[in-house]
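Colleague: Got a minute to go through this model with me?
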Amino acid sequence: MRRPDNEPELVERARARDLAAYGELVRIHQEIAFRTAVLICGDPHEAEEAVQEAFVKAYAALPRFKAGRPLRPWLLAIVANEARNRRRAAGRRTRLALQVAEQIPAGDQVHAPPEAEPEPAALATERRAALVAALERLPERDRTVIALRCLLDLSEAETAAALGVRRGTVKSRLSRALDRLREEVGPDVA
Amino acid sequence: MSPERLERELRALPVAWPPAPDVAEAVVERLHVEQPRAARRSPRRAWRAALTALAAAVALTAAIEPARSAVLDWLGFGAVSIERREPDAPARPLGAGLDLGDPVSLEQARAAVPFPVQVPAALGAPDRVFLDTALGHPIVWLAYRPRPGLPRAGETGVGLLVGQLEGRAEPLIEKTAGAGTALTRLRVDGDPAMWLTGDPHGFAYVPPTGEARFDDRERLAADVLLVDRADGVLLRLEGDMDRATATRVAASLR
């Protein structure tokens with residue numbers, strides 16, 4: 001979601017302890033926060049609790065937030081930290097199981113002329129399945145940076161905030177992770 | 001395979017995220033309880049704030065509901081499923097992940113390219129505009145959300161893309177149209193045009209100065225109308241619309 005125009009105003013009001021304004025900010029950012037938490041702790045229930053806890057903590061920390069800056073990276077840092085703590089506390093090694101659905105939506109067939117073979121759609125599905133399977137085989141660290149940057153579409157700054165590292169580190173980590181993924185997925189047969 | 005291609009493929013994966021729970025109400029409630037009594041606002045304002053929060057929660061639930069009922073398929077503990085189709089509520093801004101270039105305003109696009117950027121009068125102002133300079137010469141993309149007559153194209157959340165660049169589709173059109181593509185020649189406002197259906201098609205053309213280009217970046221993988229306009233602009237319409245709609249839109253560019 002793009003930064004809404006009235007965000008600075010909402011932040012100002014929330015810093016002045018206006019709970020309605022803060023509720024509005026939570027509503028704006030909770031979806032991306034939840035997805036980030038799911039990617040990090042690997043479990044939707046834990047992720048929900050992490051997000052709720054993070055938003056409660058962020059409210060208390062708001063006076064330390066530098067006004068005028070984008071709120072999202074700052075929030076994501078708190079959310080990701082909370083998600084990591086929960087994952088650690090649970091001692092769980094949950095991995096996200098990414099799967100490609102077998103089913104091809106009926107809509108895809110509509111525009112194929114009668115004489116056309118259905119191979120391309122099947123190939124695309126196969127290709128995606130191979131990609132996801134390769135992603136699954138990567139080490140946790142590689143998978144997380146790829147997921148945050150490419151699947152969740154976080155910016156470099158947001159990914160850095162979520163991982164608690166510098167932007168340059170995100171860049172090099174992502175590049176190495178993509179290299180490994182490319183080796184893993186093998187030559188493009190499509 | 002290039003790193004860029006791999007990244008593009010990853011970004012194009014339609015991830016069915018588990019539905020995000022609405023925590024706004026719970027957070028506000030907790031903070032209200034935890035906030036020191038002295039810092040609380042008057043009961044009247046607090047009451048109003050609670051009503052606002054409730055209204056926001058109701059609005060959000062309403063917004064989430066269609067996504068829940070869509071193909072979002074939560075496979076259980078620790079699993080994110082990937083569907084070939086995106087949920088009804090698009091999670092990304094219109095046109096994101098389609099490799100359309102940088103989002104710009106219509107004015108910025110017009111200032112950046114040497115040809116006149118036109119807008120289809122049949123549709124009005126585009127919902128988003130992109131400037132694609134990756135191929136060495138600019139392409140302007142106008143993106144429209146789905147609307148009656150312009151159904152959502154596959155998994156992209158886009159109703160129609162209108163691409164404009166300097167170049168000609170002839171004589172390379174045969175290359176564009178592969179074996180699985182059906183090609184129909186027609187005329188739009190007197191200009192030669194081609195209607196392509198079937199397999200996803202790349203985009204072969206000749207820019208005014210350089211040699212032939214083949215842009216194989218798939219966007220909507222939907223039907224395509226190409227118009228070689230007399231003013232040297234190659235028009236490319238991509239969407240799941242029918243041919244009559246496509247030609248009507250193409251003929252309405254002003």
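Modeller: What follows covers a helix pair and a few single residues. This is a predicted model, in which local features need pLDDT of at least 70, side-chain atom pairs count only at pLDDT 80 or more, and totals for chains, interfaces and linings use all residues. Residues are numbered from 1 along each chain as its sequence is written, with chains lettered from A and ligands numbered from 1 in the order in which they are written.

Colleague: At what angle do H2 of chain A and H2 of chain B pack?
Modeller: About 145°, with the axes of H2 (residues 19–41) of chain A and H2 (residues 24–34) of chain B 9 Å apart. Axes are lines fitted to C-alpha atoms, for helices over the stretch in contact, and angles run from 0 to 180 degrees between N-to-C directions. Helices are DSSP runs of H or I, at least four residues, and strands are E runs of at least two, numbered from the N terminus.

Colleague: Which residues of H2(A) meet H2(B)?
Modeller: Among them are Tyr22(A), Val26(A) and Arg27(A), and the H2(B) side includes Val28(B) and Leu31(B). Contact means C-beta atoms, placed from the backbone, within 7 Å.

Colleague: Other topic. What is the phi of Arg17(A)?
Modeller: Near 70°, positive in a residue other than glycine. Arg17(A) sits in the loop between H1 (7–15) and H2 of chain A.

Colleague: And which residue in chain B has a positive phi of about 65°?
Modeller: Asp99(B), also not a glycine. Asp99(B) is in the loop between strands S2 (79–82) and S3 (102–104) of chain B.

Terms used: Two residues are in contact if their C-beta atoms, placed from the backbone, lie within 7 Å.
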